[in-house]
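Visitor: I should like to be guided through this protein step by step. Where shall we begin?

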Amino acid sequence: MLYVAEYTSSLGRLALFGSDRGLRGVSFLNQSHEQGTLVTKKSVLNPQAFPNEELVPNEGAFETIKSELDSYFLGEIREFAVELDFGDRGTPFQRQVWNALREIPYGTCLTYGELAQQIGNPKAARAVGLANNRNPLAIVVPCHRVIGANGSLVGYAGGLDFKRALLELEGVSLRADASSTTRASLLQAGAHEFAHHGFEGASIDAIAARASVNRRMIYHHFSSKRGLYDAVDANLESLNVAADVTFRFKLMTLLQHGAVNSNQLETQLTQFQHQIAQMQRDGSIDVNQDANVLARLLYLIEQFGDLVARRGSRPLTQDDLFKLVQSKPKATRTIVSPTLKRI
C-alpha cells in the first residue's frame, strides 16, 4: 500500500506518492484535476511516476518532503534529504541514470551527451534521454538540469515553462530563445527525414533522434507528425538546410501529393528534371538513396505526354499521380541504371 497527497508549489500543483520506506514519486497534475479529488493516472502529466499499488490519501506521511519543497521553492535549500524509495521502478541502466542525475549540482546543467559520459557510456546519449524521461521523481531527482546539446530546454513532463522556471530559480542563465531553438531543430530534422523518406517513411523516433530531443517534443511543438510536416512545408525556404534537402523535400511532396493541374505538374516535372541533371553534374546524387525516386520521376516525365493526351484537359488528381507512380513497377526498376546514366 502506498500513500498519496497533493502539494501546491509556487509554479504548479504536484502529486506526491510514498511508502513507509520513502518518497516513491513526484508527479505534475494537469489543469483539469480538481484539488482534493482522487489522483488517478489520467490526472498526472508524467504517468511513469504513478505507482501500480493501491493508493491511500495521507497528508501526514509527506510532512518532511512538503517542508523541503517549501524551502526549495523559496531558494533556502539546494538539496533534498528525504529518503527515496524507487520500489521496483527502473532497469539497472535507468537507475544508474537517475542516481547520476542526483549528482548534478544545484544551478548546473549537463547535456544528454555529457551525462552519458559521466556514467561511462558516451555513446548512450539517446538512451540517457529516454531514462531521463522515465524519472518518477521530478524535481527531487533533478532531470530538469539536463538540456539539449544546442542549449535548448528539450522536453519536460511539467512543460518547458516549468523547467525554465526551475532552472531560473536555481540561478541558471538561459538563452531567451531556448524553447524556439528546439522548434528550429525539429524543423531542420524533419526536413531531412521527410526529404529522404517521405511523409510515410519518416518516423517520429528518427526525427527526434536527429534533433537530439525526446519524441514528446514533436507533439509539444507540432501536435503530430502531420503538424511538423506542414510546418516544414510552410517554412522550407527559410530553414537552414542544404539545397539538396530542399529539393528532395519538394520532390517527395510532388510524388506524394501531386499537383493542382496538368500545367502545374508539367512545369514542376521539367524543373525537377533540370535540377536532377545539375545534381548529377555536381556529384551530389546519392545513388543508393535516390535511384528509385529518380527512376520513378523520369518515368513520370517520359509518360506525361501520353497521360495528358488520354485525359484531355481534365486536371490531374492526386489519385492519377499515385496510379502513374505505382504503375509498371518492373519497368520502373529496370530503368534505374539507364536513367542515372542518361541524366
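Visitor: Is Glu53 buried, partly exposed or exposed?
Guide: This is a predicted model. The relative accessibility of Glu53 is 34%. Buried means under 20% and exposed means over 50%. Because 34% lies between these limits, Glu53 counts as partly exposed.

Visitor: Which residue makes a polar contact with the side chain of Glu53?
Guide: Glu53 is placed in the loop between β3 and β4. Leaving aside neighbours within four places in sequence, Glu53 is in contact with Leu2 and Arg24. The polar contact, at 3.3 Å, joins the side chain of Glu53 to the side chain of Arg24.

Visitor: How far apart in space are Glu53 and Tyr3, C-alpha to C-alpha?
Guide: In sequence, 50 residues separate Glu53 and Tyr3. In space, their C-alpha to C-alpha distance is 9.5 Å.

Visitor: In what order do the strands of the open sheet lie?
Guide: The sheet has four strands, and its pairing is mixed. Its edge strands are β3 and β4, each of which pairs on one side only. On average, neighbouring strands are turned by 30° against each other, direction ignored. The order is β3-β2-β1-β4.

Visitor: How many bridges join β1 to β2?
Guide: Strand β1 covers residues 2–8, and its pairing with β2 is antiparallel. A hairpin of four residues leads from β1 to β2. Within this pairing, Thr8 stands opposite Arg13. The number of bridges joining β1 to β2 is six.

Visitor: Which residue of β3 is the bridge partner of Leu16?
Guide: Strands β2 and β3 pair in the antiparallel sense over five bridges. In this pairing, Leu14 stands opposite Phe28. The bridge partner of Leu16 is Val26.

Visitor: Which residue in the hairpin of β2 and β3 takes a positive phi?
Guide: The hairpin has four residues between its two strands. The phi in question is near 160°, and the residue that takes it is Gly22.

Visitor: How many of the residues of β2 are buried?
Guide: In a regular strand the side chains alternate between the two faces of the sheet. On one side of β2, Arg13, Ala15 and Phe17 are buried. On the other side, Leu14, Leu16 and Gly18 are buried. Both faces are therefore covered, and the number of buried residues is six of six.

Visitor: At what angle does helix α1 run to β1?
Guide: Helix α1 comprises residues 63–73. This helix lies across β1, β2 and β3. Its angle to β1 is about 25°.

Visitor: What is the relative accessible area of Glu6?
Guide: Glu6 lies in strand β1. Its contacts beyond four places in sequence include Leu14, Leu29, Val39, Glu59 and Lys66. Glu6 is buried because its value is under the 20% limit. That relative accessible area is 15%.

Visitor: Which side chains make polar contacts with the side chain of Glu6?
Guide: One polar contact, of 3.4 Å, joins Glu6 to a residue that stands opposite Thr8 in β2. Another polar contact of the Glu6 side chain has a length of 3.2 Å. The partners are, respectively, Arg13 and His33.

Visitor: Are helices α2 and α4 roughly parallel or roughly perpendicular?
Guide: Helix α2 (residues 92–101) and helix α4 (residues 125–133) pack with their axes 9 Å apart, at an angle of about 80°. Angles of 65 to 115 degrees count as roughly perpendicular, so α2 and α4 are roughly perpendicular. Among the residues making the contact are Phe93 and Trp98 of α2, and Val128 and Asn132 of α4. The answer is thus roughly perpendicular.

Visitor: Within what arc do the buried residues of α9 fall?
Guide: In helix α9 (residues 225–235), the buried residues are Lys225, Leu228, Tyr229, Ala231 and Val232. Seen down the helix axis, they line one face, because they fall within an arc of 165°.

Visitor: What arc do the buried residues of α7 cover?
Guide: Helix α7 spans residues 204–211, and Ile204, Ile207, Ala208 and Ala211 are buried there. Their arc puts them on the same side of α7, for it is only 95°.

Visitor: What share of the residues in the protein chain is buried?
Guide: The chain contains 15 helices and six strands. It has 343 residues, and the buried share of these is 50%.

Key. Residues numbered from 1 in each chain as written. Predicted model: local features only at pLDDT ≥ 70, side-chain atom pairs only at ≥ 80, totals over all residues. Heavy atoms only, no water. Buried < 20%, exposed > 50% of the residue type's maximum accessible area, 1.4 Å probe, protein only. Arc of directions from axis to C-beta. Pairing = 2+ DSSP bridges. Axes fitted to C-alpha atoms, helices over the stretch in contact; angles between N-to-C directions. Contact = heavy atoms within 4.5 Å. Polar contact = N/O pair within 3.5 Å; in protein donor to acceptor, adjacent residues only side chain to side chain. Parallel < 35°, antiparallel > 145°, perpendicular 65-115°, else oblique.
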